[in-house]
Amino acid sequence: MIKELVIATHNKGKVEEFKVLLTELNVAVKSLDDFPPIEEPEETGRTFAANARLKAIYYAKQTGAVCIADDSGLEVQALEGAPGVRSARYAGPKATDEENNELLLNTMKFQVRRNCRYRAALCVAQPDGKVLYETDGVCDGMLLHAPLGEGGFGYDPLFWSTELHKGMGEATMQEKNKISHRGKAIRKLVALWSKKK
């Protein structure tokens, strides 16, 4: 019986999303901020699923706890799926959300086709390296021409949700969790987890 789950991130927005969506599992949720500094692994995977697996196994070994890791990002159709797995470091290795958003807006300045989607892959692993669960989720939308709303993080200010009919940066946490790529992936995980109990 798993009593504790470590979310392999320092991103406070992401931690809050996970905590809300994992409530029904009745496990204590921690993040990497609850541990001494751990060197980040190099994300060498060519897919979101490969990177999620790599991170889950690595951080489970480092923390000695069952660990959930996600890799997620934005895929823009006109850019053949970019920024993709490089979403967090699109404008450079230490890029801020604002720098990534600015580069994407400039790259897409003259593009009419603005279809895009968020994609997330999740992996749960044990300290011995065994993978327990893997799920994924997709959220379709359109890329805006300018930031909209004060909420969310990452590319949310530039993402128009075709399901919510509003910008992801305008959505409440509840609205976002209902339709987000990560929300869908976590709900799949909760369903699989609950079956095995």
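**Notes on the predicted model: cysteines, cores and helix H5**

1. Cys-123 has a relative accessibility of 1%, so it counts as buried. This is a predicted model, and in it Cys-123 takes part in no disulfide: the nearest cysteine sulfur belongs to Cys-67 and sits 9.1 Å off. With a cut-off of 2.5 Å between sulfurs, that pair doesn't qualify.

2. Cys-139 tells a similar story. Its relative accessibility is 0%, so Cys-139 is buried too. The nearest cysteine sulfur here is that of Cys-116, at 8.7 Å, and Cys-139 is in no disulfide. Searching the whole structure turns up zero disulfides.

3. On to the nonpolar cores. The largest has 18 residues, and the members touching the most others are Leu-5, Leu-22, Ile-68, Val-124, Leu-189 and Trp-193. At least two residues each come from strand S1 (4–7), helix H1 (12–21), strand S4 (115–125), strand S5 (131–143) and helix H5 (181–196). H5 is the top contributor, with five residues. Apart from this core there is another, of 16 residues, including Val-6, Ala-8, Cys-123 and Ala-125. As background, nonpolar side chains in soluble globular proteins tend to be buried together.

4. Val-124 deserves a look of its own. Setting aside neighbours within four places in sequence, Val-124 contacts Leu-5, Val-66, Cys-67, Ile-68, Lys-130, Val-131, Leu-132, Tyr-133, Leu-189 and Trp-193. Four of the names in that list may ring a bell: Leu-5, Ile-68, Leu-189 and Trp-193 are also among the core members that touch the most others.

5. Which residues of H5 are buried? They are His-181, Arg-182, Gly-183, Ala-185, Ile-186, Leu-189, Val-190 and Trp-193. Worth scrolling through them with the general rule in mind: an α-helix has 3.6 residues a turn, so residues three or four places apart point the same way. As for partners, the buried residues of H5 pack against S1, H1, strand S3 (67–76), S4, S5 and helix H4 (173–179).

6. The length of H5 checks out. It has 16 residues, so at 1.5 Å a residue the expected span is 22 Å, and the C-alpha atoms at its ends are 23 Å apart, which agrees.

7. There are three aromatic pairs in the whole structure. One of them is Tyr-58 with Tyr-59, in an edge-to-face arrangement, with 5.1 Å between centres and 80° between planes. How do the two differ in exposure? Tyr-58 is partly exposed, with a relative accessible area of 23%, whereas Tyr-59 is at 4% and therefore counts as buried.

8. Another pair is Tyr-133 with Trp-193. Their ring centres are 5.4 Å apart and the planes meet at 20°, so this one is stacked. It links distant parts of the chain, with Tyr-133 in strand S5 and Trp-193 in helix H5, 60 residues apart. Both Tyr-133 and Trp-193 are buried. Recall that Val-124 is in contact with both of them.

9. Last, a loop residue. Thr-9 lies between S1 and H1, and is it buried or exposed? At 9% relative accessibility, Thr-9 counts as buried, because the cut-off is 20%. Its side chain reaches the backbone nitrogen of Asn-11 at 3.0 Å. Not counting residues up to four places away in sequence, Thr-9 also touches Lys-14, Val-15, Ser-31, Leu-32 and Asp-33.

Note on methods:
Residues numbered from 1 in each chain as written. Predicted model: local features only at pLDDT ≥ 70, side-chain atom pairs only at ≥ 80, totals over all residues. Heavy atoms only, no water. Core = buried A, V, L, I, M, F, W, Y, C linked by side-chain atoms within 4.5 Å. Buried < 20%, exposed > 50% of the residue type's maximum accessible area, 1.4 Å probe, protein only. Helix = DSSP H or I, 4+ residues; strand = E, 2+ residues; numbered from the N terminus. Contact = heavy atoms within 4.5 Å. Polar contact = N/O pair within 3.5 Å; in protein donor to acceptor, adjacent residues only side chain to side chain. Expected span 1.5 Å × (residues − 1). Phe/Tyr/Trp six-rings, centres within 6.5 Å; stacked < 30°, edge-to-face > 60°.
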